[in-house]
Amino acid sequence: MSFQIRLNKTLERLKPSGIRRFFDIASEMDDVISLSIGEPDFSTPWHIREAGIQSLEKGKTWYSPNSGLFKLRKNIAGYIKKHRGLCYDPKDEILVTVGGSEAIDLGLRSLISPGDEVLIPQPSFVCYEPLAQLAGGTVKPIVTRAEDCFRLTADALRAAITPRTRLLIMSYPNNPTGGVMRREHLEEIAAVLRDTDIFVISDEIYGELTYGQQKHVSLASIDGMQERTMLISGFSKAFAMTGWRLGYACGPRVLMKQVIKLHQYALMCAPTTAQYAAIEALENGDGDVEAMRSEYDIRRRYIVDRLNKIGLTCFDPEGAFYVFPSIKITGLTSEQFCKRLLEEKRVAVVPGTAFGESGEGFVRISYCYSLKHITEAMDRIEEFIINNGG
Amino acid sequence: MEKLLKLLDSNARLTDAQLGVMLGCSEKEISEKIAEFERCGTIRGYKAVIDWDKTDRAYVTALIELRVSPKRDLGFEGIADTIMRFDEVESVYLVSGGYDLAVIVSGRTFKDIAMFVAKRLSTLDSVLSTSTHFVLRRYKDSGVIFLGEEKDERGVL
């Protein structure tokens, strides 16, 4: 009898990440200058690395409690209180996860039953849709538009809600657009949600990285929203700690009880070394975050100015570390643009369509690179546009 | 405007227009601010960071530790003033620790520098002793890495 591996059908049907595909092509070429990586170019600040090293030197190499080291959870509670004005009990409302990604997966699997509809504003980070589908949900994308600064509007939300809508995923500051939701915009969303029993997963991994006068506001801090929101964040982006794989989720006790149960079976606990480093990050890392943010802001201003002058118009992204220019003047699709830019000028950027169909006509450009690197890439993009009759 | 100085410190060739964009102010504001920095001596000059080993120029540098006796009224400044006026001297620092002045000297050959120290520096009245350390290789200078290419080690995801 011939043996055949039978795989999960839903999983098999999922498309591989569109970001990955371009990385694969680019990595086989020489002289490629990339603006495609979505992680800080900074190394983790030394005092944070040192805290991790010290924990290893002292032999603290065991599992931590399932929910994470209590001291870390307490620090997270203090940090969220200070920066978001929200209170969570470190005993049973906070879970330390293996990156923000794990928290997203756990949240979706804890909240969705088969057939439930999940609303995902797009363009957005690549993992929400497949993970929601794996959890048995039916995904309904909500298109956000450049003319609305890629914000979710109350009207668009209202129009997407059906009796089967169970969950809304909010992801601001947004990857890939750099869009943010200010308090007044969140108030409008909250007003729509209040009349429903829709729950929200709010992925605020880029919450520390906003530019301009106004700081990030959490949806959970809007009146009546905390009880229906799972707030997800982590250390990767703000503290340049991507490789440590550490994030966290905060939410109502009833939900977190299930989320923690799932985490306990699937992961046991987040890496202990990373947790010790994270304690230090929260205690003494605010200055580092500010220094990196300030550097990103300089690059952001430069790159937005260059792109607009080149004719790839982009709205002023107020968060994260991406710009999302329109490539309409070239008459190319996102895929064609990226492929030709890579072939002709050896510059790698990510097609907007990797973040949902509504990303057509746009590309994602990361500014997690030195100014020198960015300048060289912009010069090449400029030549590309001139050569292609822009 | 510390940000402006930091940007210039990392790359003095950025144009006023570029700096304006990066810092969110006008080109005119930048040029006025820079002029002010130059006037009051905050900005002392502009120069390129050159790896002379990549050129035909014979170029040798040395760090010289100088122990000196400070003069009444003038302290260390009298002797520092004399030393800094030699063309061979690139930098002079008053330092804490086992000696007083750290002097960076450059020349065409090791012998040039040795002769300069022997004939010009050690003969000065206030100089008690010298100790010369020749630079054999520059790995990093003025914040710029000379050794190898900077490589982006971030993996693809």
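## Chain A at a glance

Chain A has a radius of gyration of 21 Å, which agrees with the value near 21 Å that a compact globule of 390 residues would have. This is a predicted model, and the description below starts with chain A before turning to chain B. Along its principal axes, the C-alpha trace of chain A spans about 65 × 60 × 55 Å.

Chain A contains 13 helices and 12 strands. Of its 390 residues, 49% count as buried. If we take the contacts in chain A between residues at least 6 apart in sequence, 75% of them join residues at least 24 apart.

## Two domains in chain A

The domain assignment splits chain A into domain 1, made of 9-44 + 287-387, and domain 2, which covers 46-284. Domain 1 of chain A is thus written as two stretches of sequence, with domain 2 of chain A numbered between them. The C-alpha centres of these two domains of chain A lie 25 Å apart.

Where the domains of chain A touch, 36 residues come from domain 1 and 36 residues from domain 2. On the domain 1 side, the elements of chain A that give two or more residues are α1 (9-13), α2 (18-27), α11 (286-310) and β9 (322-323). The largest share of that side comes from α11(A), with 7 residues. By residue type, the domain 1 side of this contact in chain A divides into 17 nonpolar, 12 polar and 7 charged residues.

## A small sheet in chain A

One sheet to look for in chain A is an open one of 3 strands, in the order β9-β12-β11, with antiparallel pairing. Its edge strands are β9 and β11 (350-351) of chain A, each of which pairs on one side only. Strands of a sheet pair through backbone hydrogen bonds, either parallel or antiparallel.

A closer look at one pairing helps here. β11(A) and β12 (residues 363-366) of chain A pair in the antiparallel sense over 2 bridges. A:Pro351 has A:Val363 in β12(A) as its bridge partner.

## Meeting chain B

Between the chains, 9 residues of chain A are in contact with 7 residues of chain B. On the chain A side, α2 and α11 each supply at least two residues. The largest share of that side, 4 residues, comes from α11(A). The chain A residues that touch chain B divide into 4 nonpolar, 1 polar and 4 charged. So helix α11(A) is one to follow by eye: α11(A) gives the largest share on the side of domain 1 that touches domain 2 of chain A, and also on the side of chain A that touches chain B.

From the chain B side, helix α2 (residues 16-23) is a good place to look. B:Gln18, B:Leu19, B:Gly20, B:Val21 and B:Met22 are buried in this helix. The buried residues of α2(B) pack against α11 of chain A, together with α1 (2-10) and α3 (27-39) of chain B. After α2(B) comes B:Gly24, which has a positive phi, near 70 degrees.

## Chain B as a whole

Chain B has 5 helices and 6 strands, and from the N terminus on its elements run α-α-α-β-α-β-β-α-β-β-β. Its radius of gyration is 20 Å, well over the 15 Å that the globule rule gives for 157 residues, so chain B is more spread out than a compact globule.

The C-alpha atoms of chain B fill a box of roughly 55 × 45 × 30 Å along the principal axes. Of the 157 residues of chain B, 15% count as buried. Among chain B contacts between residues at least 6 apart in sequence, 53% join residues at least 24 apart.

How values were computed. Residues numbered from 1 in each chain as written. Chains lettered and ligands numbered in written order. Predicted model: local features only at pLDDT ≥ 70, side-chain atom pairs only at ≥ 80, totals over all residues. Domains from an automatic or database assignment. Contact = placed C-beta atoms within 7 Å. Nonpolar A, V, L, I, M, F, W, Y, C, P; charged D, E, K, R; others polar. Pairing = 2+ DSSP bridges. Rg over C-alpha atoms; globule rule 2.2 N^0.38 Å. Buried ≥ 20, exposed ≤ 12 C-beta atoms within 10 Å, placed from the backbone.
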